[in-house]
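Reader: I'd like to learn how to read a structure like this one. Could you take me through a few features?

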Amino acid sequence: MSTTAPTPHPCPIPQPLPPPPIPSHSSSSSSPASGMSEAAEEPDSPPTHMSEDSSSSGDRWTPDLRGGNGGGPRSAPPDQVLENVLESVLEFLTAARDRNAASLVCRSWYRAEAQTRRELFIGNCYAVSPGRAVERFGGVRSVVLKGKPRFADFSLVPEGWGAYVQPWVAAMGRAYPRLERICLKRMTVTDDDLALVAQSFPLFKELSLVCCDGFSTLGLAIIAERCRHLKVLELIENSVEDEEDALVDWISKFPVSNTSMESLMFDCVGVPFNFEALEALVARSPSLRRLRVNHHVSLEQLRRLMARAPQLTHLGTGSFRSDAPEGGGMSVSELVPSFAASRSIVCLSGFREVNPEYLPAIYPVCGNLTSLNFSFASLNADDLIPVIRQCHKLQTFWVLDTVGDEGLRAVAETCSDLRELRVFPLDATEDSDGSVSDVGLQAISEGCRKLEYILYFCQRMTNTAVIAMSKNCPDLVVFRLCIMGRRRPDRITGEPMDEGFGSIVMNCKKLTRLSVSGLLTDKAFTYIGKYGKLIKTLSLAFSGDSDLSLQYLFEGCTRLQKLEVRDSPFSDKGLLSGLDSFYNMRFLWMNSCSLTTRGCREVAQRMPNLVVEVIREQDEMETENVDKVYLYRSLAGARSDKPKFVKVL
Amino acid sequence: MAAAAMSYAHADVENLKATELRLGLPGAEESDKMPTPPSTPRAGNKRALAGDLREEEPKTAPPAAKAQVVGWPPVRSYRKSCFQQQSTKSKVSAPAPEKKQEEVAVAAVVAPPAAAGSAGSLYVKVSMDGAPYLRKIDLKMYKGYRELREALESMFLGFSGDASSVNPSDFAVTYEDKDGDLMLVGDVPFEMFMSTCKRMRIMKGSEARGLGSSKE
């Protein structure tokens, strides 16, 4: 398989090589800005508040103004001055997209860019080998790596599939002694890997793990103890595995000398810890701005933490419940001063076991809040509405569907600045009584005209409400509607949801991400193909009538990068209609459709730079029918770490 | 081959499902998947196991008991597992529909610690027609029907003469449930089978003919 030949087939965006994935540093990065940085919803730019200073690399370049090149070999670049100047100019280019473009100009630019790229973004850890990546980019200080396909979050990828960070840490350990930052998403990270990170990178400052698994409090202890310059430790929705008797008190391991913490988020590390150690850490960290604790922190303890860190901007409140027995704990009025004193808080989350009686304590900060996450708090509308009514500056709101249509109406009436709304189901089953519906969606569309991002789980929806949103909220960039009952039609007309989704793609001209649900025919996909020209990420489930749907998508959505499909009536024919698109995409995932080994093999044979993985359940036998296929462009070819149940065609 | 003797293989479970009598419009269950045995570990999240238990619980209310589909609705297992923890401790009053989920979730959360080792094992007697003595197996040792089948084969192979003379349709693996009824193994999700199975019996001969045959 050729890895360096230009791809010969015609494609809309001419590229000599499948480059490392081009992330879009979208200007409206609402998630990182709000600090929520929840995994699935981020734009491709990593959760970052890292300063973009390039001055740290100044020591690499010395201006050479003598001219000429001192008589080097004939194959050396003729103009060393030009190359040095180029490097210093290119250091100001930070967006990977710009850098990718610059690297294509000529060899000289390629080299200069490769030496000055400070952040390496790898959207699919199997698209390129670690060795090749570190060979090209010599001066990297920050790495973002993504591993498993997103449907792994929903138990669709068997355990042991892959995405091990180990080879990356090993390669980077040798090549990047100055590495400062690692962000990983959906990768398997072991305690040994964390130990290797601590050992390999003496200047290490920031670790961010999102939706990862494989590590325990032991690994965290090693990071805390040995990364002397650690500033940021953000653990978001990871699956932290601990045996009951092997818990490590990792918070105590932060050395007394570490006084530079800026961000500490560990709400997903669900095990008890030494609270006094945390309090001491917070007390000696004047730069601490973001603190998210787990549910083992009671209100009494939260109060102590807040007293130590009045400068916090982002607070994850832990359990938000008193640790005293019924009626014995502190009163609400004793908690109010803590919030009144925290003038800087703009983002609140946590509330993991919330006692609604204490909610009024947060009123002093509500007027400043730009971001509020109640999505782990099962509060009903009566508890929520009084809080919502105070949050008139809110831009990001995550909540459970217990808020109800009434609660959403309150949001619409109060939060005119809202940019992002996510409504999660308390009872995530198909037959539950959903508490929000088209009524809530319509209300939001009328009140929150600046909406850019919506994720909405419901049981009942109408085309009318969706159409209304498409007209009222033209700035929508992400529209993810999940009607939980499979193939459910418009609840009033009984018709498919084609028109609703059609109007979204038609009217929301900035749309880059779309998830569809409900009863959808091929017609919906004619709309998406025709109007969804900017769509990069598309998720389909239980939708479409025939292969025509896929055909419309591949033909029309020229910017498509990520396509996830499940349980839809698509066959090999539909799959093959995407051949001209696959090199422009990061990946395609399909499960429970009507694919066969023969069809998948044909794709593999005709696309040499594509890896086609057929994934079975762990003990399933090979059959001609393919249940799960995951295909992605790659310079590295079939991976060597694949388990038995994965077959690369 | 003896491998085919025990005929409640993965595919057969689905075939049996196709012959089930149920209410519901034709085609309504077109893409209903048999939930994959929840004991197949998912993404290393132990608490997700409890979540799968909750998903497996059959809904017996009309229309037809729809099997919950894996990974749908698409809510992360992390998020689901947080709610199981909450519902065991939560004193917040929840509206009636959530109550059922709470109760089940409580039971589900309680169950894994038991499974992890303190209540230990689930030994049941297994008899085979014509065999001189019975065996006992620990149902908790097996992640699903396939593994159980393989274990039974290796245990009872010797009793049916050599492997090549074994005819799949001559065998049926049955079990006695809590109500004392004789049931065919493989109809219900494995977790449910484990909790209701009191003893097992491998039937052969005329009694078994047709019962255990798979639609190859």
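Reader: Let's start with a loop. Where is A:Cys211 found?

Author: First, keep in mind that this is a predicted model. A:Cys211 is in the loop of chain A between strand S4 (206–210) and helix H8 (217–226). Its phi is near 55°, a positive value in a residue other than glycine.

Reader: Is A:Cys211 buried or exposed?

Author: Buried means under 20% relative accessible area. A:Cys211 has 12%, so it counts as buried.

Reader: What is the phi of A:Arg487, and how does that residue count for accessibility?

Author: A:Arg487 isn't a glycine either, and its phi is positive, about 55°. Look for it in the loop between strand S14 (478–483) and helix H17 (498–507) of chain A. With a relative accessibility of 28%, A:Arg487 is partly exposed.

Reader: On to helices. How do I read which side is buried?

Author: The general idea: an α-helix has 3.6 residues a turn, so residues three or four places apart point the same way. Now take helix H13 (residues 381–388) of chain A, whose buried residues are A:Ala381, A:Leu384, A:Ile385, A:Val387 and A:Ile388. They sit on the same side of H13(A) because their arc around the axis is only 165°.

Reader: What covers the buried residues of H13(A)?

Author: The cover includes helix H12 (363–366), strand S10 (371–373), strand S11 (396–400) and helix H14 (404–414), which belong to chain A.

Reader: How about sheets? In what order do the five strands of the open sheet in chain B run?

Author: For a sheet, read the strand order, then the pairing sense, then the edges. Here the order is S2-S1-S5-S3-S4 in chain B, with mixed pairing. The edges are strand S2 (135–138) and strand S4 (182–184) of chain B, each pairing on one side only. On average, neighbouring strands of the sheet are turned by 30° against each other, ignoring direction.

Reader: Which residue stands opposite B:Val126?

Author: That's B:Arg135 in S2(B). Strand S1 (residues 123–128) of chain B pairs with S2(B) in the antiparallel sense, over four bridges.

Reader: And which helix lies across S1 and S2 of chain B?

Author: Helix H5 (residues 145–156) of chain B does, and it also lies across strand S3 (171–176) and strand S5 (199–204) of that chain. H5 runs at about 155° to S2(B).

Reader: One last backbone check: which residues does the cis peptide bond join?

Author: B:Trp72 and B:Pro73, with omega about -5°. You'll find B:Pro73 in the loop between helix H2 (46–56) and helix H3 (77–89) of chain B.

Conventions
Residues numbered from 1 in each chain as written. Chains lettered and ligands numbered in written order. Predicted model: local features only at pLDDT ≥ 70, side-chain atom pairs only at ≥ 80, totals over all residues. Heavy atoms only, no water. Pairing = 2+ DSSP bridges. Helix = DSSP H or I, 4+ residues; strand = E, 2+ residues; numbered from the N terminus. Axes fitted to C-alpha atoms, helices over the stretch in contact; angles between N-to-C directions. Contact = heavy atoms within 4.5 Å. Buried < 20%, exposed > 50% of the residue type's maximum accessible area, 1.4 Å probe, protein only. Arc of directions from axis to C-beta.
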